[in-house]
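I opened the model to look up a few local features and the contact between chains. My notes follow in the order in which I took them.

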Amino acid sequence: MKQRLKHALPTAALLIVSAALIVLGAAQGQAAQVLAKAVKICLECVGIG
Amino acid sequence: MAVQGAAALVQNANFKGFFAGKIYEGNLKSVCVPGLNCYSCPGAVGSCPIGSLQNALSANKFKFPYYVLGLLIFFGALLGRLVCGFLCPFGLLQDLLHKIPFPKKIKSFKGDKLLRKLKYAVLIVTVIILPLFVKLTPVFCKYLCPSGTASGLLLALGDNTLFKLFGSRFAWKACVLGMIVLLSVVIYRPFCKYLCPLGAFYAPFNKVAAVRIAVDADKCVSCGKCADACNMCVNPSQTPNHTECIRCGDCIHACPTKALRCTWPGVGNAAGSTVPRTPDHP
């Protein structure tokens, strides 16, 4: 049981932190910023810009 | 390889884009995919996490990139470098290239260990520090990313007018891509080992991710077959959750005593009668 908990705790903590970050970022409109960049051809990425 | 192929197809499901030379413009692109898959690939239906991170860091008005970082930590905490082994389309490309017969495949060489640290420098310098100071410039995407170069080529195949726009920067990036392609035939996953900033980000998560590898010390006979099978030059019987392990599973298949196994929290560790005794699970 202890072994199981030792395995699961850091993972669970990181998952909770990541979920909080995602929600916080989305609330600030960062998902929309990701979308705005991704729907246009990234000229730097393809080697033009 | 079937899982890798399926993952690459799912992440690049905008098939008509390949023929039209156009990228997908739907809302799914507000979510980053776990692997290195340029959002300018005509098939891409999600966003590249490394491109999105650089874009957020190099924005004129800086805001801490909670969203992209949250997604990256989520993938890392859940899967670690299993993303590299199974979900990254560029990893699949390198795997396929490595299957091409070559007289002398190189598994390790002098300086290999040191060179593997380079990917951490690429992450810190070109993905984090330089975009923070050189505004509106995703340095890794602009000068190094081979996924973007391949995307450019795929776009140009669908829309020939793009070929006229390719200049010296594209020539440089094409050289980088060409080197990685050639090296992949001889060395297993050279980009993952030495350059990939995404692999560098996920690497530390291997020790704490939900997916891990455990060694049953009672079954292990220290025959070394797992280490021989590992193309990333890890010794899974000693360090099953090494930062270089991409969870390909070759070691598990190679183990004659079934001492290695993939574990999830609550599953695997306690499923058997023995408890794994490894440096990670003392």
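**Entry 1: two positive phi values**

I began with Cys233(B), which sits in the loop between α14 (225-229) and α15 (250-254) of chain B. This is a predicted model, so I kept to what was computed from it. I looked up phi of Cys233(B) and found it near 60°, a positive value in a residue other than glycine. Most residues other than glycine have a negative phi, so I made a note of it. At 34% relative accessibility, Cys233(B) counts as partly exposed, because the range for that class runs from 20% to 50%.

I then turned to Arg189(B), whose phi is near 45°, again a positive value in a residue other than glycine. Arg189(B) lies in the loop between α11 and α12 of chain B. Its relative accessible area is 0%, so I entered Arg189(B) as buried.

**Entry 2: salt bridges**

What does the side chain of Arg189(B) meet in a salt bridge? I found Asp95(B), at 2.9 Å from N to O. Asp95(B) is in helix α6 of chain B and Arg189(B) in the loop between α11 and α12, so the pair ties together parts that are 94 residues apart in sequence. I checked burial for this pair: Asp95(B) is buried, and so is Arg189(B).

I ran the search over the whole structure, and it gave six salt bridges over all chains. One of them joins Asp112(B) and Arg116(B), with the closest N and O atoms 3.2 Å apart. I have both Asp112(B) and Arg116(B) down as buried. Asp112(B) and Arg116(B) also belong to a network of salt bridges that links them with Arg81(B), Lys119(B) and Glu244(B).

In chain A I noted a salt bridge between the side chains of Lys37(A) and Glu44(A), at 3.8 Å from N to O. Lys37(A) and Glu44(A) are both buried.

**Entry 3: helix α6 of chain B**

Asp95(B) led me back to its helix. α6(B) covers residues 89-98 and is mostly covered, with eight of its ten residues buried. Besides Asp95(B), I listed Pro89(B), Phe90(B), Gly91(B), Leu92(B), Gln94(B), Leu97(B) and His98(B) as buried.

Which helices cover the buried residues of α6(B)? I found that the cover includes α1 (2-11), α5 (82-87), α10 (146-158), α11 (168-186) and α12 (190-194) of chain B.

**Entry 4: chain A and its contact with chain B**

Chain A has three helices and zero strands. Along the sequence I read the pattern α-α-α. The C-alpha atoms of chain A fill a box of roughly 55 × 25 × 10 Å along the principal axes. Of the 49 residues in chain A, 35% are buried.

For the contact I counted 55 residues from chain B and 33 residues from chain A. The two chains bury about 3,700 Å² between them, 69% of it on carbon and sulfur atoms. How many salt bridges cross the interface of chain B and chain A? The rule finds zero.

I looked at one helix pair in this contact. Helix α2 of chain A (residues 30-38) and helix α4 of chain B (residues 66-79) pack at an angle of about 90°, with their axes 8 Å apart. α2(A) and α4(B) are therefore roughly perpendicular to each other. By class, the contact of α2(A) with α4(B) has five nonpolar, one polar and no charged residues. I noted Gln30(A), Ala31(A) and Val34(A) on the α2(A) side, where they meet Tyr66(B), Tyr67(B) and Val68(B) of α4(B).

**Entry 5: two more loop residues**

Cys32(B) is placed in the loop between α2 (15-20) and α3 (49-57) of chain B. I have Cys32(B) as buried, because its relative accessibility is 3%. Leaving aside neighbours within four places in sequence, the contacts of Cys32(B) include Val34(A), Val68(B), Leu71(B) and Phe75(B). Ser52(B) is also among the contacts of Cys32(B). I looked up that pair: Cys32(B) and Ser52(B) are 20 residues apart in sequence and 7.8 Å apart from C-alpha to C-alpha.

Is Lys61(B), in the loop between α3 and α4 of chain B, buried or exposed? At 70% relative accessibility, I entered Lys61(B) as exposed. My last look-up was Lys61(B) against Leu130(B), 69 residues apart along the chain, with their C-alpha atoms separated by 15 Å.

Note on methods:
Residues numbered from 1 in each chain as written. Chains lettered and ligands numbered in written order. Predicted model: local features only at pLDDT ≥ 70, side-chain atom pairs only at ≥ 80, totals over all residues. Heavy atoms only, no water. Buried < 20%, exposed > 50% of the residue type's maximum accessible area, 1.4 Å probe, protein only. Helix = DSSP H or I, 4+ residues; strand = E, 2+ residues; numbered from the N terminus. Contact = heavy atoms within 4.5 Å. Axes fitted to C-alpha atoms, helices over the stretch in contact; angles between N-to-C directions. Parallel < 35°, antiparallel > 145°, perpendicular 65-115°, else oblique. Nonpolar A, V, L, I, M, F, W, Y, C, P; charged D, E, K, R; others polar. Buried area = accessible area lost by both parts, 1.4 Å probe. Salt bridge = Lys/Arg side-chain N within 4 Å of Asp/Glu carboxyl O.
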